[in-house]
Amino acid sequence: MYRGREGQWAFFLHRLSGIAILLYLLIHVLNISAAMWGPEVSERLFAIEHTPIFRIGLVGVIAAVLYHALNGLRVILMDFTAWGVRLQRELWYGVWLLFALFFVPALIKIVPEILRTMGVI
Amino acid sequence: MAIRARRYSQARAQAGTNLELAWWVFMRVSGLVLVFLVLGHLYMANILINAGDVDYNYIARRLSNTTWKIYDWVMLSLSLLHGMNGLRYVLDDWVRDARARFWTKIVTYSLAVLVFFVGSMSLLNHDFSKGLSENTRLEHSEGTR
Amino acid sequence: MAHQHDVIVIGAGGSGLTAALYAAKQGVDVAVISKLYPTRSHTGAAQGGIGAALGNVEEDHWEWHMFDTIKGGDYLTDQDAAEIFAKEVIEAVLELEHMGLPFDRLPSGKIAQRRFGGHTKEYGKAAVHRAAHAADRTGHMILQTLYQQCVKHDLTFYNEFHVTDVIVEDGMAKGVVAYELATGELHTFQAKAIVIASGGYGRAWKVTSNAYTLTGDLQAILYRKGLPLEDMEFYQFHPTGLFPLGILLTEGARGEGGILRNALGERFMERYAPTIKDLAPRDMVARAMYLEVREGRGVGPRKDHVLLDLTHLPAETIHKKLPDISEFAWIYQGVDPTKQPVPVMPTAHYAMGGIPTTLNGEVIADDKNTVIAGLYAAGEVACVSLHGANRLGTNSLGDLVVFGRRAGTAAAKFAKSADFHDLSPDVTGDSRERLERIRNSSGKESVAALRGELQQAMQDYASVFRTEELLAKGVTAVAELHERYENIGVQDKGERYNTELMEALELGYLLEVSEATVHSCLNRKESRGAHAREDYPERDDKNWLKHTLVYKKQGKVGFMYKPVVLGKFEPKARTY
Amino acid sequence: MQVTLKVMRYDPNKAAKPSWVSYQVEAEPMDRVLDLLHKVKYQQDGTLAFRRSCGHGICGSDAMVINGQNRLACKALVKDLTKKAGDTITVEPIRGLPVEKDLVVDMEPFFEAYRAVKPYLINDEPPPDRERLQSPEDRARFDASTKCILCAACTTSCPVFWVNGSYIGPAAIVQAHRFIFDSRDRGARERFQALAASTGVWRCRTAYNCTEACPREIPVTQAIEEVKRAILYDKF
Ligand SMILES: Cc1cc2nc3c(=O)[nH]c(=O)nc-3n(C[C@H](O)[C@H](O)[C@H](O)COP(=O)(O)OP(=O)(O)OC[C@H]3O[C@@H](n4cnc5c(N)ncnc54)[C@H](O)[C@@H]3O)c2cc1C
Ligand code: HEM
Ligand code: SF4
Ligand code: F3S
Ligand code: FES
């Protein structure tokens, strides 16, 4: 493995998260659109989607979107400002800070819901 | 534009369009817009409510509202275009064999067009309000407006 | 494989690329053969600047530059060469600027210039700002700019082709044989004219500023053919080599105000050159440093070096004008020049001597100036005798472009009126035989060990101060090493990138040029410029105001002499 | 002290695949990795092939992957790569270019990219008798990119280049930058052509490996971003 630094990992993760979201998007759209075929079809799909496995997966997708969006903003800053490049490392840490800021509350909200469906609490 | 050139002399001959620049700008502009649309969407579907409670009724109610139809459709088109162009970048990077790349693209683009078509149908071409008011089965063959 | 080009240039440093560009301007078909990728040539290491009397900072005249060059060369400089040089280098520098060279600028937008060793105004009154520069990477910028122009004009390059032979028969140059590193194949090149521009041979010494690849290849190839080399006893030691590696710290550091100090903190150059002090010519400064060390005023646990002090300069100046050398000091010595003085000692740097040529770069075969038709040389490999007994800083880069241009143009003109010569079917014979012998050798001597011994011997016996006794030892040592070289062994028998084979070949060249050097040193019984004989401390114009031509016939070294071209400036005592 | 030098060796005439070979060498802390390679070549195995010339970081011959990062062997010191005696230093050829032998790679694709950006001053106006004038500020504008020694450390550290060799690469873009921002140059538009192609500057994903790798400390990514903006503002 090449020992790249922050920039390299930021890029790898951006790419990975982008592809992951795209994959989810494709499935998600088909899933929602299934409502056209009526409540039965729709509810059957939702039943699958409401299983814990899928719910945990969704949390992953949220994380991916959050990282991708924040790092996307970092990329845009680097592209259009001179200091964006100079401070790219700091910006990346900023991305993680904001990520934590948004994601932790989301976890606090969502995780108990999942645990409840699992009957753990 | 796909990379056909393996050598820079060929690449040079190919150059001259601003297509790549346009896509580059699009990725940034759409990204900016998507921040609000997608994060807003996630907020509404995961934080305001319990995602585990989303069901047919929720969908139908939401998709009966013209504002949400537009919101969702813009989000759908932008993220599909953005995501598919991103995928194109990835394929251009990773699939080095020109033939393989061509066919992978045909398949993935077709899939995207299909998803876009189905998604748009459900958003624009389907009347969920009817189903909602009766709260019963829908005659999905009708509903054209 | 066989190739054919009107003009072949050997070497892609500053002189080779200039020659190639100007030859191409004449509309002939030019190809450059180089054992390195062009941008790897050692011209890229040159730091301080290129001297030309542009007069951008203060009044300056080409006559002053000409005088400085001659005086710097301790009057062994041919004055016709110095005149042409001082005039044409102005135009050459402007032309480099037009090609795009990013010189540093003055507020007026003109090319910036700095002071440099031995460059003075009004015939020695005070130091003058003459060195045009691009920070401390002037050579890098020259090499890059010239290569860029070659790309622009789409010249043909044979990169990583090692020239193993130049075909000279019946007083005519006919072609070149080269070994392709990538494949191990021998190529023949038929040419109407050939320009040799293969650089110096600093690797003969242990401590040197020169690249690993500067091994005097073409000097040796001609010398082996019985052709003469000129003024080989004059080899320049640059005062400020980063101790102990020998990496160069430009004289520009002193041009910007740097000071040399001994263990007592004294600015010792005040004693040796009261007028221009630290900016005295290199031979004088190098000797002064040796004397300080010899008299016990050296620095360090072994009192074996002195210090280059830049700490009184604004950090800004150091970072802006001397960024690269600050980095060298930091990386290779852990010294930050803005805060600490840098340890330095003289380092083998530049060959004033080399393949004798006329003012148009034509290679000379004897003491009667008989030229070899179609054979040219320029740059450090050549000796037009511009630098005489000691080269001034910044005059080499000027030499490359002025005489590179003259040689390239002359070669192209010659090629236009000449025909290709038939090469005998066995042109590659000698080269093939030599290469095969080395490749199949399994003797017990190691190339690296022999080279190490040679470098140590040259360092001990033929460096800044010389005596009969030391030089005699040097002659014996080199002869012995020559014999042992017959008994080397190499491990790599392969075809592809056989760098071991190349290094063995290069050691052979180093032995030849070292032989020519020590013999010439022993032969010249006077002190002049870089050649300081302790047993003959005075300059002797009566007997020795002449160029040495050293040659080898049937294994025996012999000498011829050539008069110095005098002129306006009468030889005088050399004080600064 | 003793260190282990682990080198990726490959001779296409002898083996199908590259393989690691370890050597024990005696090293000083101030030794360069280049010195270690020389020690191996001169004392242990003469067949080891690598390029080098100047020995102090200005010719650009000896970029290689050292301990997982692109560096010049002549600028990487043992003391910065090891913590204690017995440590291992790994050396591999730079990536994305065909390996010719051991640490020697084929540089032709790299120089082809270089040539594609027209790396020379373009200005057809007849030059004045003296120099073209340029203010110190205008000169400073492109100073960093004039430092490039074409060592390829940047291009071969770029993840986009590894997987798809047709990306023109940061080194070529730095060269373009050197001229685009030279107040004397008139050829920016011509260069944009090569740079705007699908193999050009838009492929850069700002991974910064190039900037980290550059032994001349050129802010490579910054140069690339400036070129992107130059093209953008030229078009809009
Ligand atoms: C560290 C340093 C700093 C210097 N600073 C200055 C300065 O500030 N000002 C100044 O005026 N001078 C300076 N000099 C001196 C000056 O740079 C050199 O004398 C000059 O660059 C030599 O140029 P060249 O073209 O003759 O040879 P080089 O640039 O050495 O090029 C030699 C070429 O010949 C090729 N070659 C050699 N042998 C063969 C072969 N067998 N087959 C094929 N090709 C071959 C090589 O590949 C190379 O391309 C400096 C020198 C050094 C070492
Ligand atoms: C939420 C807001 C988003 C922002 C701010 C954003 C921003 C960006 C930006 C700026 C790029 C270009 C990266 C570069 O050139 O280096 C990019 C690439 C990409 N985006 Fe997004 N994006 C967002 C949402 C999405 C969504 C919803 C998807 C999936 C459908 C997606 C998928 C991708 C992909 C696959 C890439 C290509 C990655 C690559 O080439 O490395 N993005 N994004
Ligand atoms: S930009 Fe830096 S890393 Fe890239 S080739 Fe130039 S010097 Fe080497
Ligand atoms: S590593 Fe590559 S992606 Fe861009 S910032 Fe450097 S060229
Ligand atoms: S040997 Fe010249 S850069 Fe390392």
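# Exercises on a predicted model with three ligands

In this predicted model, Ala152(D) is placed in the loop that runs between α4 (136-141) and α5 (159-163) of chain D.

**Exercise 1. Describe the backbone of Ala152(D), and then find which residues of chain D join Ala152(D) around ligand 3.**

Step 1. Begin with the backbone angle: although Ala152(D) is not a glycine, its phi is positive, at about 75 degrees.

Step 2. Next, look at the surroundings of ligand 3, where Ala152(D) appears together with Cys148(D), Ile149(D), Leu150(D), Cys151(D), Ala153(D), Cys154(D), Ala171(D), Cys214(D), Pro215(D), Arg216(D) and Ile218(D).

Step 3. Finally, sort this shell by class, which gives 11 nonpolar residues, no polar ones and one charged residue.

**Exercise 2. Work out which chains ligand 2 lies between, and which polar atoms of the protein stand by its nitrogen and oxygen atoms.**

Step 1. Ligand 2 lies between chains A, B and D, and the nearest of the 23 residues around it are Arg15(A), His68(A), Arg28(B), His82(B) and Arg205(D).

Step 2. Take the nitrogen atoms of ligand 2 and search chain A for partners: a polar side-chain atom of His68(A) is found 2.7 Å from a nitrogen atom of the ligand, and a polar side-chain atom of His14(A) is found 3.3 Å from a nitrogen atom of the ligand.

Step 3. Turn to chain B, where a polar side-chain atom of Arg28(B) is 2.9 Å from an oxygen atom of ligand 2.

Step 4. Now ask which elements give two or more residues to this shell; they are α1 (6-33) and α3 (52-80) in chain A, and α2 (19-48) and α4 (66-94) in chain B. The largest share, eight residues, belongs to α1(A).

Step 5. Close with the classes of the shell around ligand 2, which are 11 nonpolar, nine polar and three charged residues.

**Exercise 3. Decide how much of the area of ligand 1 is buried by the protein, and describe what surrounds this ligand.**

Step 1. Locate the ligand: ligand 1 sits in the largest cavity, with 39 residues around it, and the closest of these are Ser15(C), Ser41(C), Thr43(C), Glu380(C) and Leu397(C).

Step 2. Follow the polar contacts one by one. An N or O atom in the side chain of Ser41(C) is 2.7 Å from an oxygen atom of ligand 1, while a polar side-chain atom of Ser34(C) is 2.8 Å from an oxygen atom of the ligand. With Lys35(C) the backbone takes part, since one of its polar backbone atoms is 3.0 Å from a nitrogen atom of ligand 1.

Step 3. Consider the area: ligand 1 taken alone exposes 1,000 Å², and 98% of that is buried by the protein.

Step 4. Name the elements of chain C that each supply at least two residues of the shell, namely α1 (14-25), β2 (30-34), β7 (161-169), α5 (217-224), β15 (342-351) and α11 (395-416). The largest share comes from α11(C), with four residues.

Step 5. Count by class, and the shell around ligand 1 is found to hold 14 nonpolar, 21 polar and four charged residues.

**Exercise 4. Find the order of the strands in the open sheet that contains β4(C), and explain why β3(C) and β4(C) are edge strands.**

Step 1. The sheet has three strands, in the order β3-β5-β4 of chain C, and their pairing is antiparallel.

Step 2. Because β3 (50-51) and β4 (113-121) each have a single partner strand, one side of each has no neighbour in the sheet, and both stand at its edges.

Step 3. Examine one pairing in detail: five bridges connect β4(C) with β5 (residues 126-132) in the antiparallel sense, and Thr120(C) has Ala127(C) in β5(C) as its bridge partner.

**Exercise 5. Treat the open sheet β10-β22-β23 of chain C in the same manner.**

Step 1. The three strands of this sheet are paired antiparallel.

Step 2. The edges are taken by β10 (229-230) and β23 (556-563), each of which has a single partner strand, so that one side of each is left without a neighbour in the sheet.

Step 3. Between β10(C) and β22 (residues 546-553) there are two bridges, with the strands running antiparallel, and Glu230(C) is placed opposite Leu549(C) of β22(C).

**Exercise 6. State whether the peptide bond from Phe243(C) to Pro244(C) is cis or trans, and place Pro244(C) in the chain.**

Step 1. The bond is cis, with omega near -5 degrees.

Step 2. Pro244(C) belongs to the loop between β11 (235-242) and β12 (247-248) of chain C.

Key:
Residues numbered from 1 in each chain as written. Chains lettered and ligands numbered in written order. Predicted model: local features only at pLDDT ≥ 70, side-chain atom pairs only at ≥ 80, totals over all residues. Heavy atoms only, no water. Near = heavy atom within 4 Å. Polar contact = N/O pair within 3.5 Å; in protein donor to acceptor, adjacent residues only side chain to side chain. Areas by Shrake-Rupley, 256 points an atom, 1.4 Å probe, with all protein chains shown as cover. 1 Å grid on protein atoms, 1.4 Å probe; cavity = no way out; pocket = protein on both sides within 12 Å on 5 of 7 lines; lining within 4 Å. Sits in = over half its atoms within 2 Å of the grid points. Nonpolar A, V, L, I, M, F, W, Y, C, P; charged D, E, K, R; others polar. Pairing = 2+ DSSP bridges.
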